[in-house]
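Colleague: I should like to learn how to read the internal spaces and helix packing of a model. Could we work through one together?
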Amino acid sequence: MKTKTKDILRIRDLALSFDTEEGEVEALDGVAFSIKNSSVSGLIGETGCGKSVTGLTILGLLDENARIKRGEIIYKRENLLTKKEEELEREIRGKEIAMIFQDPGSSLNPVFTVENQITESIKMYRNAGAKGNKEIAIEQLERVKLPDAANLLKRYPHELSGGMKQRVMIAMMLACNPSLLIADEPTTALDVSIQAQFINVLRELQSDLGTSILYITHDLAVISEICNSVSVMYAGRIVEDLPVETLFNDPIHPYTKKLVYSVPGVKTKLEDLEEIPGSVPRLINPPAGCRFHPRCDKAKAICSQETPNPVSVEPDHCVACHLISDRGGKQ
Amino acid sequence: MKTTGDKREIDRELRRQRTSQLYLIWLRLKRNKLAVIGLVFVLIMVFIALFSPWISPHNPYATRPLRKREAPSLEFPLGTDSLGRCVLSRLFSGSRIALQIGILIILFEGSIGIFLGLISGFFGGWVDEIVMRLVDILRSFPVIVLAMAIAGIMGQGIYNVVIALGIVGWTTYARMIRSRILSIKEESYVEAAYCIGEPSYSVLLRYVLPNALPTAIVMMAIMMPTALIASATLSFLGVGVQPPTPSWGSMISAGRDYLLEAPWISSFAGLFIMFTVLGFNFLGDGLRDSLDPTTKQR
Amino acid sequence: MTDPLLEIVDLKKYFNSPKGKVKAVDGVDLNILKGETLGLVGESGCGKSTLVRATLRLIEPTDGKVFLRGENVLAFSRKRLVEARGQMGMVFQDPHSSLNPRMTVAEILRRPLKIHNLVQGKGQIYNRTVELLETMGLSAEHMIRYPHELSGGQKQRVGVARALAVEPRILLLDEPTSALDVSVQTKILKLLRNTMERLDLTYVFISHDINLIRTISDRIAVMYLGKIVEIGEVDEVFADPLHPYTQGLFKSVPRPDPEHNIRKPPLTGEVPSPIDPPAGCNFAPRCPQKIQQCEKEEPNLKSMGKDREVACWVATEKNV
Ligand SMILES: Nc1ncnc2c1ncn2[C@@H]1O[C@H](COP(=O)(O)OP(=O)(O)OP(=O)(O)O)[C@@H](O)[C@H]1O
Ligand SMILES: Nc1ncnc2c1ncn2[C@@H]1O[C@H](COP(=O)(O)OP(=O)(O)O)[C@@H](O)[C@H]1O
Ligand code: SF4
Ligand code: SF4
Ligand SMILES: [Mg+2]
Ligand SMILES: [Mg+2]
């Protein structure tokens, strides 16, 4: 939060809601976190907590019923929220910031070959003529460890498996050398063995190219494999921001604690696994004060009245919980 | 509710819950403007049909040789036709016939189609094979020509129109219902039903049918206009309802020679058809969304 | 060793597809012991769901035998099958589609009671329904709800309650928590554990979450392309996986531990199609340890000491 020049992306006090027939869905409420240059940041939380919406907001890809209420997204000193649609399209999307989605199938166009799709994106950002583009394409595919790249170019998406499609997607994204890659649950639809291959490719590319990555997932185990720092999200807010080691060794926020200790593998006995009573709140009329208070066993009177502000407890560790003032955190 | 209690208590709760389900359907329908407009249109038509003898300004059958093709006036709000009959009164009275035929057709073809679609989708195998081939054969005939042939053989009259149209009409239902059943069969609650030991007939009646019912209801609402238009077409072609019984189709047909001098004879009948068709279409679309319990849960 | 409650012998299920026979389950032998939790793992499409469905005859197996306490279920008439289904319950993966949207929770739970004639009289049925709900941490107020008025976790608990309603001796759970958030998962796992102890149940628990299987099962069976390749006590299999596939699979699993890193992808390539499975050992095309014999002869499960079986030429060779 302090060494600002080192951050490639900084989101401050982002609040956003969707207008729906049933009422206003307060999907994001004061989201703040930053991504350091050349690092992998994780964004973790349960279904519907607003992870995807955060990713889409950065790229300005929200649905029409979305309304940004306040906040700023600073990317390399510019506020993306004030940019016009055309500017985003021309300068940012694909070129500076790229995104891969959960469902690898639907992000590729079924009627074009892999070659068409990759060269299309290469053409846009660093055209090298028909032959050159093809070479770059092959090079990219080999980079993501896809065997037999030349042959692969002629194939259609439906002839590829989920893992291959996902790697074609990164190859396409990386063809334009983005500075920031947003990966929204890229391996959720994949098998563990394919996921392991994918994570490995991503990690290598990251260290070779120095691309910053925002890795969105609900899987803590995956976070621990690939991320340097993590932002924990609950019901549209970031509740804790911390280095990945601290996430497993010394989480502070009651929700983070419960979440971490409810994952089989962290604790290996069923009796030791934590459970959280109730279920994730809906975001139409979310709980007042701390949104976690109805499920929190440490809740105090103030929790249902006032929203806790993020407090730094360590240089890289921020917590938004009323208990924190007791631990002597400083503003 | 307390933890213990008797069966009656819970049955009462269930009933309350059901009515509130109906209420929810109404709430969801109400939110859809087009559906409400459709419902209003339909209700107006039903009102007209029910009360036509009392709200018609004249006797729809009374001919007035001296007052042929009179333009709309205070006395004849929509003018008179080639025999000097009051167009408005005939339209009103025609709405009775139209709705009557429409409802009969829907019931006739709907019950055949839904039944055959149900068993063909549920049992599959040779039952499915036979039903679907029959559907293919029937659908390869041009409907109106087939209906004309049937009407030609069996003679004219309301019931023959119903049979003539229904004989092809059911195929649409059978197809829709069948494909709905096929997708319901894939749901794991059907598998779960077998798992707890439900026999096939019970799976069909308790699990598959209730979930296919909304599709059937929507189909009926949406097919109503088709039935109306088809029966009007038959009347227009002279094989439907017998003159002098007023029917919208035959009125359009009767007025088509005078489209320029006396446009009111055909055009208002056309408007009535359009009005009714739109009404049922809007309503059908609205029902589709509001009958689905999972849309916009609260 | 306790006696097997359910014995699956050479079970096969082939599907016909336009491209040829899909060998979804291809000769599975499996004993399920009384009172145990057997974890079944394997990657997507390896035949886990098909195996349990065929066992319950929700789909008719192509070949094989399933002995439930000594009697072959696959030879049962319709009527006896219904009885047999009273002994085996199943919980489905997707809680949203496994409950009939047109029935209230009360009706959903009442059906199995009626079919198997387990309790008589309306008052009794009511009490039993409430009891079932309470077993799963729900209460009478949920009876009048429709499934869409419940959260995912609650729906899944109703799904378990329905399976328990028939008073089964064995419960087949097909990824019962994979559609749920982790914070809700523990609750269901703990409820399942308690119920098991109280009712003396046996579980077959399918999951693709290997960390989860490790936490909850006594024995683990690893499936690859329609076959079981390794089976044994959980601790032993994790401590020393014998089959090359098991080794690769376990190494691929991300661990919630920042010290742990999947360095080199342990498994290369992808699962081949079950339509034309490779000759010899199914795993040969991806196997780093394969020897000549592997591509010619198919390895069968061989006992490797106490309760441990593995189907691999190399692994069985080493330990002999
Ligand atoms: N009705 C069917 N017709 C044809 N093939 C089928 C059918 N059902 C399953 N299969 C095939 O059988 C194989 C095993 O499927 P199954 O559903 O048992 O896998 P699974 O191990 O449960 O996978 P997952 O982890 O994805 O649930 C797959 O290749 C699948 O495509
Ligand atoms: N287009 C939309 N209209 C209304 N609500 C939406 C829309 N997109 C997302 N939401 C809501 O915003 C919240 C966060 O969604 P999302 O970011 O997709 O969650 P996740 O953390 O699982 O990625 C959810 O409550 C979701 O229902
Ligand atoms: S602010 Fe209160 S309710 Fe929220 S997490 Fe902290 S202690 Fe719990
Ligand atoms: S039998 Fe051969 S190919 Fe198969 S797993 Fe063992 S070593 Fe590998
Ligand atoms: Mg998402
Ligand atoms: Mg499955």
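Modeller: We begin with the lining of the largest cavity in this predicted model. A cavity is a space in which a probe fits but from which the probe cannot get out. Here, 13 residues line the largest cavity, and those nearest its centre are Ala98(B), Ser231(B), Ala232(B), Ser247(B) and Trp248(B).

Colleague: Which elements give two or more residues to this lining?

Modeller: In chain B, these are α3 (87-123), α8 (200-236) and α9 (248-255).

Colleague: How many residues of each class does the lining of the largest cavity have?

Modeller: Eight are nonpolar and five are polar, while no charged residues take part in the lining. The space in this largest cavity comes to about 100 Å³. Over the whole structure, the search finds seven cavities of 30 Å³ or more.

Colleague: Let us turn to helix packing. At what angle do the axes of α3 and α5 of chain C cross?

Modeller: Angles under 35 degrees count as roughly parallel. The axes of α3 (residues 105-115) and α5 (residues 152-165) of chain C cross at roughly 20° and come within 8 Å. The two helices, α3(C) and α5(C), are therefore roughly parallel to each other.

Colleague: Is the crossing of α3(C) and α5(C) left-handed or right-handed?

Modeller: The crossing of these helices is right-handed.

Colleague: Which residues meet between α3(C) and α5(C)?

Modeller: From α3(C), Val105(C), Ile108(C), Leu109(C), Pro112(C) and Leu113(C) take part; from α5(C), their partners are Val158(C), Ala161(C), Arg162(C) and Ala165(C). By class, this contact has eight nonpolar residues, one charged residue and no polar ones.

Technical notes
Residues are numbered from 1 along each chain as its sequence is written. Chains are lettered from A and ligands numbered from 1 in the order in which they are written. This is a predicted model: local features need pLDDT of at least 70, side-chain atom pairs count only at pLDDT 80 or more; totals for chains, interfaces and linings use all residues. Side-chain values use heavy atoms; hydrogens and water are left out. On a 1 Å grid over the protein atoms alone, a cavity is a set of points where a 1.4 Å probe fits but cannot get out, and a pocket is an open set with protein on both sides within 12 Å along at least five of seven lines; lining residues have an atom within 4 Å of a point. Grid points are joined across faces, edges and corners, and a volume is the space filled by probe spheres set on the points. Helices (H or I, at least four residues) and strands (E, at least two) are DSSP runs, numbered from the N terminus. Ala, Val, Leu, Ile, Met, Phe, Trp, Tyr, Cys and Pro count as nonpolar, Asp, Glu, Lys and Arg as charged, and the others, Gly among them, as polar. Axes are lines fitted to C-alpha atoms, for helices over the stretch in contact, and angles run from 0 to 180 degrees between N-to-C directions. Angles under 35 degrees count as roughly parallel, over 145 as roughly antiparallel, 65 to 115 as roughly perpendicular and the rest as oblique. A crossing is left-handed if the near helix is turned anticlockwise from the far one by less than a right angle, and right-handed if clockwise. Contact means heavy atoms within 4.5 Å.
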